[in-house]
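User: I'd like to go through this structure with you, a few questions at a time. Here it comes.

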Amino acid sequence: MIDVESTRYSFNYSVSGEAPKHPVVSVKSGSIFEKSLIEKYIAENGRDPTNNEEITVDDLVEIKSTPETVKPRPPKLSSVPSILSSLQDEWDSVMLESFTLKQQYQQVRQELSHALYQNDAATRVIARLKKERDSAREALANVTAHLGASAPAPAPAAAAEESMDVDAGAFPEEVIEKMDKTSAELSANRRSKKKPPVEFASIESVKGYTQISTIPSLHSARSAGITAMDVNGDFILTGGNDKHVQVYNKAEDKVVANLAGHTKKVTAVKYRGHATPDDICLSASADKHVRVWVADEKKGYKLGHNINAHKNEATDIDVHPSKDYFVSAGLDSKWSFYDFETAKPIVETYNTEGENGYTKIAFHPDGMILGAGTTDSVVQIWDVKSQKIAANFGDHAGKISALAFSENGYILATASEDNLVKIWDLRKLSNTKTFTLDEGYKVESLAFDDYGQYLAIGGNDVRVLKAKDGSSIATFSDNTAAITGLHWNPLAQGLITSSLDRTVRSYGIAA
């Protein structure tokens with residue numbers, strides 16, 4: 001006979017700890033188990049949990065009792081005081097759980113409030129970025145339209161509630177009208193002269209160039225060096241480390257004007273571009289000023305305007321193709337657009353990509369976009385009218401030291417403190433060629449001829465490359481210091497250079 005009570009306790013402690021609802025007894029050990037539990041145990045282990053003998057479900061005998069097995073009442077609930085004590089414990093547990101839930105509720109409210117704030121801030125940022133994206137797309141569309149390439153249609157403007165005001169000066173309508181007219185005329189003229197004429201210098205002619213003349217001892221011997229040069233027919237405009245600007249007349253073989261006034265080195269000079277002996281000229285200086293020099297019967301030139309242009313060094317200047325406006329750039333991260341007549345800034349635009357200053361600046365041949373080199377190795381392409389950056393070229397190392405647009409309007413050449421010259425296709429906005437120079441070569445100036453066939457590089461010496469593939473055509477090493485200026489004669493019939501050795505040299509075919 002099986003001892004039910006003893007086997008119940010054996011079951012209770014060894015398997016479930018509770019009285020079984022559907023008891024069965026093992027014929028192997030005589031222990032009573034909960035049917036569902038022992039069947040599961042046998043399926044997994046195949047042994048009796050009490051004595052570890054092999055067992056199957058067939059070895060289990062169901063126990064039938066009358067009345068049915070009832071769980072014994074816990075001893076602590078056998079009296080009224082124990083029941084009240086249990087109820088008090090339950091109440092305390094409920095209160096503790098309620099307090100915990102309130103704390104969790106407050107924490108969830110705070111987290112939700114913070115998440116809503118972050119969502120609102122993110123919405124504002126996204127709205128601002130959408131507007132900047134749309135502006136950049138519009139600027140890019142303008143640039144590619146001027147270059148004759150198809151551009152993706154600008155995205156619809158952001159909704160009014162998502163917009164943010166941007167502080168930027170706007171061009172007057174008459175300036176925009178003149179810029180558009182100039183661009184249209186120059187684009188039409190350029191399309192009509194895609195191929196160089198027969199008078200254009202051949203590769204063999206350029207290979208045969210030699211130094212045919214020199215202009216030595218320009219500027220002062222103290223703080224020696226020509227830092228910038230521009231040419232207008234027989235007149236050569238130079239700026240120097242001696243803080244002076246000089247105008248040299250090749251026909252008379254003499255300096256016709258020595259212009260003083262800058263208090264630090266001259267960083268850039270430029271003629272307005274009129275083919276006249278008394279053409280207006282510009283100079284920029286490390287003294288933060290840009291000066292406009294006008295013709296004078298007695299002294300050749302005199303100061304027309306002195307522009308306090310920048311809060312840091314004024315590094316470069318260029319003249320708009322319309323010849324009615326000019327631009328200056330500086331290390332204060334600003335470029336300014338001026339009217340020649342008043343010399344007052346029409347717009348002043350700051351670098352939106354950071355606090356890095358500008359080292360070089362140049363107008364595209366059509367005047368609708370502007371290339372600007374920065375101190376952090378990036379070349380920015382600006383849409384002039386919208387004053388938005390249409391593209392960034394950032395594959396250089398060191399500050400940008402030179403940049404030049406080709407006359408066909410499609411190509412931009414750039415150089416920095418590395419020994420690389422990069423060619424960028426403005427239609428694709430990509431780097432198409434990279435010319436590697438000698439290790440340690442410092443590029444100071446770049447210049448395309450007026451048909452974009454040859455690229456002159458000025459630095460440790462003068463090098464002429466074939467613009468299409470970068471193959472070397474000629475090298476001139478007559479200079480004893482760095483080349484700081486380059487100018488091609490019309491139809492590539494000669495090349496003029498300036499150097500820190502105070503000399504201007506002319507290269508061409510000897511007579």
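**Charges, rings and strands**

Analyst: To kick off, the charged end of Arg272 sits over the ring of Phe340, 4.4 Å from its centre. Keep in mind that this is a predicted model.

User: Nice. Which residue lies over the face of Tyr410, and at what distance from the ring centre?

Analyst: That's another charge over a ring, and the cut-off is 6 Å from the ring centre. The residue over the face of Tyr410 is Arg427, and its distance from the ring centre is 4.2 Å.

User: How many aromatic pairs are there?

Analyst: Rings count as a pair if their centres lie within 6.5 Å. By that rule the count is eleven.

User: Are the rings of Phe200 and Tyr451 stacked or edge-to-face?

Analyst: Their centres are 5.6 Å apart and the planes make 75°. Planes over 60 degrees apart count as edge-to-face. So this pair is edge-to-face.

User: How far apart in sequence are the parts that this pair ties together?

Analyst: Phe200 is in the loop between helix H4 (173-191) and helix H5 (203-207). Tyr451 is in the loop between strand S25 (445-448) and strand S26 (454-458). Both residues are buried. The pair therefore ties together parts whose separation in sequence is 251 residues.

User: And Phe326 with Tyr338: stacked or edge-to-face?

Analyst: Here the ring centres are 4.8 Å apart and the planes are at 20°. Under 30 degrees counts as stacked, so Phe326 and Tyr338 are stacked.

User: Which strands do those two residues sit in?

Analyst: Phe326 is buried, and Tyr338 is buried too. They are twelve residues apart, and the pair links distant parts of the chain. The strands are S14 (residues 325-330) for Phe326 and, for Tyr338, S15 (residues 334-339).

User: Which residues form one aromatic cluster with Phe171?

Analyst: This is a cluster of rings rather than a lone pair, and Phe171 belongs to it. The other members are Tyr325, Phe337 and Phe363.

User: Is Ile361 buried or exposed?

Analyst: Ile361 lies in strand S17 (residues 358-363). Its contacts beyond four places in sequence include Ile317, Val327, Trp335, Leu370 and Leu403. At 3% relative accessibility, against a cut-off of 20%, Ile361 counts as buried.

User: What separates the C-alpha atoms of Ile361 and Ile381?

Analyst: Along the chain, these two are 20 residues apart. In space, their C-alpha atoms are separated by 9.9 Å.

User: Let's turn to the open sheet of three strands: what is its order?

Analyst: The pairing in this sheet is antiparallel. Strand S2 (32-34) and strand S3 (60-62) are at the edges, each with a single partner strand, so one side of each has no neighbour in the sheet. The twist averages 40° from one strand to the next. The order is S2-S1-S3.

User: Which residue in S2 is the bridge partner of Pro23?

Analyst: Strand S1 (residues 23-26) and S2 run antiparallel, joined by three bridges. The bridge partner of Pro23 in S2 is Glu34.

User: Which helix packs on that sheet, and what angle does its direction make with that of S2?

Analyst: The helix is H2 (residues 35-45), which touches S1, S2 and S3. The angle between its direction and that of S2 is about 90°.

User: Last one, on the whole chain: what share of its residues is buried?

Analyst: The chain has five helices and 31 strands. Its accessible surface comes to about 27,000 Å², with 50% belonging to carbon and sulfur atoms. Of the 511 residues in the chain, the buried share is 43%.

Key. Residues numbered from 1 in each chain as written. Predicted model: local features only at pLDDT ≥ 70, side-chain atom pairs only at ≥ 80, totals over all residues. Heavy atoms only, no water. Helix = DSSP H or I, 4+ residues; strand = E, 2+ residues; numbered from the N terminus. Buried < 20%, exposed > 50% of the residue type's maximum accessible area, 1.4 Å probe, protein only. Areas by Shrake-Rupley, 256 points an atom, 1.4 Å probe, with all protein chains shown as cover. Pairing = 2+ DSSP bridges. Axes fitted to C-alpha atoms, helices over the stretch in contact; angles between N-to-C directions. Contact = heavy atoms within 4.5 Å. Phe/Tyr/Trp six-rings, centres within 6.5 Å; stacked < 30°, edge-to-face > 60°. Lys NZ or Arg CZ within 6 Å of the ring centre and 35° of its normal.
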